[in-house]
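Here are a few notes to read with the model open beside you. Go through them one at a time and find each element as you go.

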Amino acid sequence: MSTISIIFTALFYISLFIFIVGMGKKIYQFWITPAPLKIPTAPTQLTQTGVVFRMIREVTLFESLFKSNKWIWLFGFLFHFGLLLVLVRHLRYFIPGDLPEIFLLIQPFKYAAFAMVIGLVGLLVRRIFVERIRYISAPSDYLMLLMLIVIGVSGAIMTFTDNHTDVMAVKAFASGLVIFDWANLPTEIHFLVHLFLVFVLLAIFPISKLLHVPGVFFSPTRNQVDDARKKRHISPWALKQEQDHAVKLEQTIGKDD
Amino acid sequence: MAAKEFDIPELPTYIEIPELNPGVMEGEGPFKSVAEFQNPLGFPGEKIENWKEVAIEKMGELKSKYRSVQVFLDSCVKCGACTDKCHYFLGSSDPKNMPVARQDLFRSVYRRHFTFAGKYFPKLVGAKELDDDMLDDWYNYFHQCSQCRRCSVFCPYGIDTAEISMAAREVLDAVGVGQKYCNQILGKALTVGNNLGLPEPALRDTLLDLEEEVEEDFGAPVKYPLDQKGAEILLITPSADFFAEPHIDGLIGYGKVFYQDGVSWTMSSYASEGANFGMFIGSYDIMRKAALRIRKAALDLEVSRVMVGECGHAWRVAYSFWNTLSGVGAGAQSSDEYASKLQNQLDHRYPQPQHIIEYTHDLIQRGKLNFDKSENDDRTVTFHDSCNVARATNMGGIQGGQFILPRDVIKAVCNNYVDMERSTIKESTFCCGGGGGLLTDDLMEIRVKGAMPRMQALKQVEKNEGVNTLAAICAICKSQFSKVLPKFDFDPYMIVSVHQLVSAAIILDKPQTEADDAEIAEEAETE
Ligand code: SF4
Ligand code: SF4
């Protein structure tokens with residue numbers, strides 16, 4: 001195997017490791033942090049089913065974002081939806097052997113890359129030119145967008161220009177990573193950049209604002225059932241406190257005269 | 001101290017997103033609390049020596065105790081969707097009043113101390129030290145947030161700046177930088193039982209006067225009972241209802257509705273306050289202490305129903321938190337001795353606790369109340385959805401009931417009702433500008449500026465529909481509007497309680513029989 005292949009193979013496992021461990025830790029932290037009080041925000045849902053549907057609408061349609069700002073919604077939606085299609089299309093590289101037929105359905109959607117890049121550029125333009133959004137942006141906010149744009153553009157170059165990479169070699173490399181049967185990877189520069197930035201993205205996922213991906217599912221204002229009058233909802237630390245103090249408080253409070 | 005001079009905002013035809021004006025609302029914030037008010041709540045009397053370490057430690061504690069804080073600090077993508085949603089930003093144009101920028105005051109410190117990226121690449125991710133300037137910014141700008149949660153409705157992840165502002169205030173209190181208004185009031189509530197510090201005799205006198213007045217005006221012996229053991233309903237209402245205009249007209253209205261229903265009810269001198277300022281300063285413990293008074297009153301008075309008067313955050317605390325904090329509610333497991341004790345006593349044919357609007361609404365539905373709507377014919381009414389009611393609670397157990405029920409009640413007693421513009425009511429309602437512990441004269445500038453979006457929507461319906469009455473079900477809204485309406489050239493008396501409208505139209509025809517009285521007395525005795 002070439003040196004570069006060895007480096008990229010190693011980078012893949014390292015970044016994947018960071019991603020899995022980091023995300024695991026973060027999700028565990030979200031999971032174990034108690035939510036001591038019910039704080040759903042309107043339109044609150046009175047049933048668990050309502051909550052599930054609300055969450056589905058949030059993550060598939062970006063419902064709240066749609067209510068707040070149509071431009072951010074449009075660009076955000078183009079980007080995320082494009083990304084989703086692109087990701088599913090990429091599965092063909094990682095699945096050893098022939099692609100299960102269900103994934104063939106999506107293969108024609110190669111133009112999704114454009115949706116993704118247009119969305120990202122739109123978001124970047126807003127960030128640069130809309131005063132309020134510029135005000136709240138840190139360097140990392142721009143970098144993140146730029147990185148995704150470079151990933152998208154370098155990928156699109158391979159698909160839509162004459163600079164194709166050797167798709168079979170890519171498949172051998174990528175599926176090799178999955179089944180530990182390592183192979184050389186193509187070394188065109190745009191492919192290497194594409195791949196490298198994807199690894200970077202994986203690695204910074206757990207320490208960056210990309211945490212909004214698991215975060216949205218843990219958001220108490222969105223995932224709680226609004227049934228506070230019907231059920232007592234007490235977190236472990238609050239319960240402990242109650243058990244420690246309940247009797248004492250009932251005796252002391254009110255004896256102020 | 002003389003109030004700072006400031007311009008009253010003009011009311012535009014459409015609200016435009018202002019150009020940023022960094023630093024216009026910079027300042028010292030509200031009056032600081034002193035040892036006299038801090039210590040009884042368990043907070044240091046003044047800024048402590050090692051405030052920085054204590055603050056960081058407290059932040060760590062809060063993020064591990066509240067999932068909201070942890071998730072909200074990690075999940076913001078700086079999309080900017082919330083930037084134009086805060087009434088304080090729209091009215092003041094200070095960028096630090098944009099919800100995400102307000103959170104970032106807290107988040108940047110969180111990043112610096114609790115995240116990998118912020119520890120090693122602070123500049124890159126906008127992580128900052130907690131220094132004196134930052135603490136000042138916290139004190140100032142977290143007291144320019146009414147915790148109205150409008151921003152949360154519009155954030156794609158439901159990030160609720162109110163939760164962050166509560167956390168920040170909790171840290172501030174922990175290092176001895178408390179706000180005078182809230183903490184002084186809390187002291188009174190926790191010792192005397194209400195925010196005004198009205199002791200039992202004063203309360204009793206007020207209520208007796210009220211009874212006389214009502215009998216004189218309406219010719220019916222409507223009672224306003226206090227500490228009546230064995231009554232069916234315990235009414236917990238904001239203490240402003242006992243004396244202030246227009247609140248007291250609401251209290252008169254509740255009394256008439258109870259009278260007409262023939263139900264026995266009482267208020268408690270021990271727990272005479274509905275408003276729970278513990279929420280504003282973010283303290284679970286203090287909020288719980290205040291709620292425990294209500295629990296105790298309910299147990300002592302042996303009531304079977306607990307009802308809440310017209311107060312926004314009282315209703316939020318009651319509806320969403322009482323059950324958890326002190327068992328006033330339903331559904332406790334039988335193994336839960338603490339909550340079961342009270343819940344076994346309560347009558348679960350009714351929601352516990354219940355809002356007075358739910359109660360009146362139910363009576364109207366069942367045809368138990370008759371109205372002469374023409375009594376309100378001089379009024380064209382619009383309804384102000386109070387933030388805590390609109391965005392954090394429900395009524396009637398139906399989706400959106402908190403919007404439907406109050407409007408139904410108003411329409412049952414008035415002939416002329418119109419809504420303000422859709423994007424400024426219901427879950428998108430604009431705050432009155434005085435919630436969240438901001439209802440103090442030292443914050444008048446931000447209160448007036450923050451009221452601008454609400455006033456703008458009101459101006460439109462005044463102009464187009466002839467609205468001359470603004471009805472609300474929140475004590476803070478009522479007080480705030482009384483003060484700011486004239487600043488925008490409205491009549492300060494156009495703000496009314498919903499139950500004031502009920503009171504005006506209700507036909508009292510059920511003289512309380514002696515049998516009823518005897519029944520109450522008997523019940524009380526047998527207990
Ligand atoms: S809308 Fe939510 S995610 Fe977007 S900037 Fe505001 S708080 Fe952050
Ligand atoms: S005042 Fe309301 S809209 Fe503004 S930041 Fe606070 S909670 Fe959000």
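**Notes on chain B**

1. Let's start with strand pairing. I233(B) has W265(B) as its bridge partner in strand 2 of chain B. Keep in mind that this is a predicted model.

2. Zoom out from that pair: strand 1 (residues 233-236) and strand 2 (residues 265-266) of chain B run parallel, paired over 2 bridges. Helix 13 (residues 247-261) of chain B joins these two strands in a right-handed β-α-β unit.

3. Strand 1 of chain B has another parallel partner, strand 3 (residues 305-308) of chain B, and 4 bridges join them. Here L235(B) is matched with M307(B).

4. Are the faces of strand 1 of chain B covered or open? Both are covered: I233(B) and L235(B) sit on one side, L234(B) and I236(B) on the other, and all of these are buried.

5. Now hop over to helix 2 (residues 51-65) of chain B. Its 15 residues should span 21 Å at 1.5 Å a residue, and the end C-alpha atoms are 21 Å apart, so the two agree. Buried residues in helix 2 of chain B include W51(B), A55(B), I56(B), K58(B) and M59(B). Some lysines further along, K63(B) and K65(B), are buried as well.

6. Last stop, ligand 1. How many residues surround it? There are 13, and the closest are C76(B), C79(B), G80(B), C82(B) and C155(B). By class, the shell around ligand 1 holds 10 nonpolar, 2 polar and 1 charged residues.

Notes:
Residues are numbered from 1 along each chain as its sequence is written. Chains are lettered from A and ligands numbered from 1 in the order in which they are written. This is a predicted model: local features need pLDDT of at least 70, side-chain atom pairs count only at pLDDT 80 or more; totals for chains, interfaces and linings use all residues. Side-chain values use heavy atoms; hydrogens and water are left out. A residue is near a molecule or strand if one of its heavy atoms lies within 4 Å of it. Ala, Val, Leu, Ile, Met, Phe, Trp, Tyr, Cys and Pro count as nonpolar, Asp, Glu, Lys and Arg as charged, and the others, Gly among them, as polar. Buried means under 20% relative accessible area, exposed over 50%, partly exposed in between (1.4 Å probe, protein chains only). Two strands pair if DSSP finds at least two bridges between them. A crossover is right-handed if, with the strands pointing away from the viewer, the path from the first strand over the helix to the second runs clockwise. The expected span of a helix is 1.5 Å times one less than its number of residues.
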